[in-house]
Amino acid sequence: MGIRIRAIEVFRVELPLVEGSYQWSGGNSVSVFDSTVVAVYADQGVTGFGEICPLGSAYLPAYAAGARAGIAELAPCLIGLDPTELGVLNRRMDQLMRGHPYVKSAIDMACWDILGQVTEQPLVTLLGGRVGKDFPLYRAISQDTPENMLRMVDTYRSQGYTKFQLKVGGDPNVDFERIQAVSAALAAGDVLVADANTGWTQHQALRVVAAVGDADVYIEQPCLTYDQCLAVRRKTSLPFVLDEVIDDIGMVLRGVADQAMDVINLKISKVGGLTKARQIRDLCVSLGIAMTIEDTWGGDIVTAAIAHLAHSTPMEYLFSSTDFNSYVTVSTAEGAPERCSGRLAAPCRPGLGITPRMEVLGKPVFEAGRK
């Protein structure tokens, strides 16, 4: 008999933002992220950790309290399963709970951590192998005045970033100015993405892409629905990124068939965890679609998972990634990857390669099974 899950604990951690707040389309903002950390305890004294941190409740069909409620529903039914049999584990979670992929993500991530520890390999090896020394990061620029957003681009460029994701999706007239101000100030080698986060209507998005058609900029997720985004895509020659609507393999295949995008934003929790994110990553590589590999948000644990998946992705298909632990003021784990000159590398230790700071996690808010 193989290794078995003995207990699952859930922790709640608040992650305040370094900049004080983060704003995106629709007037949405957040100042403290509500993160959920999952510990999966298995035989032989092995413990794996995962994290899920939705971007508030107005970004995707996900919210922090829902993650914890969903995990409490699933956890008792997973006791006794082999955490290293990730396909079996994921099928069981899908049988127990239809949909709600974000709920399953942290459990899946923790079981990958266990698999790495049991096999004494870092996840980057299990996910395909380390590609190069490190990989590039982007920096999200919180929605603000054009002048302040340009100032933040300059600030982060001085820290080594060369890829910048402007949060637009507000008043199109102001968004013109935001995009044009930053585009005009790009340095050689810089990459600019205008991310509307579904914030424009179709007619507004068409106005924007027409107005900035001569700029060196990618357009990301301009509208709420796939069909609206596709209509905009067909009216512009600017490179196109889809994010919120790409939530499973079926949507990737649809997008490829329609030539709806050049890049996708692959968020680990949006698709249900590392198991399904790896499937989509490998499909995109086979189909020639580049990816930004990240998650909805998080701290050290999520950043480690992102690093392992991104660092095992062929360089030509990794458009970008990000280091969420540098956006927040609280560290939840030792050994987490830290950026260097706008780049990141996956940890070398087995599993996720991190050691959670239990004094920061505090007491569990939910427990199932017996350690």
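# Exercises on a predicted model

W112 sits in helix 3 (helices are DSSP runs of H or I with at least four residues, strands are E runs of at least two, both numbered from the N terminus). The model is predicted: local features need pLDDT of at least 70, side-chain atom pairs count only at pLDDT 80 or more, and totals for chains, interfaces and linings use all residues. Residues are numbered from 1 along each chain as its sequence is written, and side-chain values use heavy atoms, without hydrogens and water.

## Exercise 1. Place W112

Task: decide whether W112 is buried or exposed, then list what W112 touches.

Solution.
- Start with accessibility. Buried means under 20% relative accessible area, exposed over 50%, and partly exposed in between (1.4 Å probe, protein chains only).
- W112 has 3% relative accessibility, so this residue counts as buried.
- Next, take the contacts (heavy atoms within 4.5 Å). Leaving out residues up to four places away in sequence, W112 touches L86, L123, L126, L127, L274, T275 and R278.
- Finally, look along the chain. W112 and L352 are 240 residues apart, yet their C-alpha atoms are separated by 7.9 Å.

## Exercise 2. Describe the whole chain

Task: find how many helices and strands the protein chain has, and judge its radius of gyration against the globule rule.

Solution.
- Count the elements. The chain has 13 helices and 18 strands.
- Apply the rule: 2.2 Å times the number of residues to the power 0.38, with the radius of gyration taken over C-alpha atoms.
- For 371 residues the rule gives 21 Å, and the chain has 20 Å, so it is as compact as a globular protein of that length.
- Add the dimensions. The C-alpha trace spans about 65 × 40 × 35 Å along its principal axes.
- Check burial. Of the 371 residues, 57% count as buried.
- Check the range of contacts. Of those between residues at least 6 apart in sequence, 72% join residues at least 24 apart.
- Close with the surface. The exposed area is about 14100 Å², and carbon and sulfur atoms supply 49% of it (Shrake-Rupley method, 1.4 Å probe; for residues, only the protein chains shown count as cover).

## Exercise 3. Map the nonpolar cores

Task: state which residues have the most contacts inside the largest nonpolar core, and which helix gives the most to it.

Solution.
- Fix the term. A nonpolar core is a set of buried Ala, Val, Leu, Ile, Met, Phe, Trp, Tyr and Cys residues joined through side-chain atoms within 4.5 Å.
- The largest core has 124 residues, and F33, I107, L242, I264 and W297 have the most contacts inside it.
- Helix 3 (residues 101-119) gives the most to this core, with 10 residues.
- A second, separate core has six residues, including V191, V241, V263 and A290.
- Now inspect I264. Beyond its neighbours within four places in sequence, I264 contacts V241, L242, I246, V252, I280, C284, I289, A290, M291 and T292.

## Exercise 4. Trace the salt bridges

Task: say where D34 and R68 lie and why their pairing ties together separate parts. Then treat K167 with D195 and D262 with R233.

Solution.
- A salt bridge puts a side-chain nitrogen of Lys or Arg within 4 Å of a carboxyl oxygen of Asp or Glu. The whole structure has 19 salt bridges.
- D34 and R68 pair at 2.9 Å, N to O. D34 lies in strand 4 (residues 32-42) and R68 in helix 1 (residues 64-78), so the pair ties together parts that are 34 residues apart in sequence. Both residues are buried.
- K167 and D195 pair at 2.7 Å, N to O. K167 lies in strand 8 (residues 163-167) and D195 in strand 9 (residues 191-195), so this pair ties together parts 28 residues apart in sequence. K167 and D195 are both buried.
- D262 and R233 pair at 2.6 Å, N to O. D262 is in the loop between helix 9 and strand 12 (263-267), R233 in helix 8 (residues 226-233), and the two are 29 residues apart. D262 is partly exposed, with a relative accessible area of 32%, whereas R233 counts as buried at 15%.
- Shared partners join R12, E14, D34 and R68 into one salt-bridge network.

## Exercise 5. Locate S183

Task: find which helix holds S183, and whether S183 is buried or exposed.

Solution.
- S183 is in helix 6 (residues 172-184).
- Its relative accessibility is 16%, so S183 counts as buried.
- Outside its neighbours within four places in sequence, S183 contacts L192, A215 and D216.
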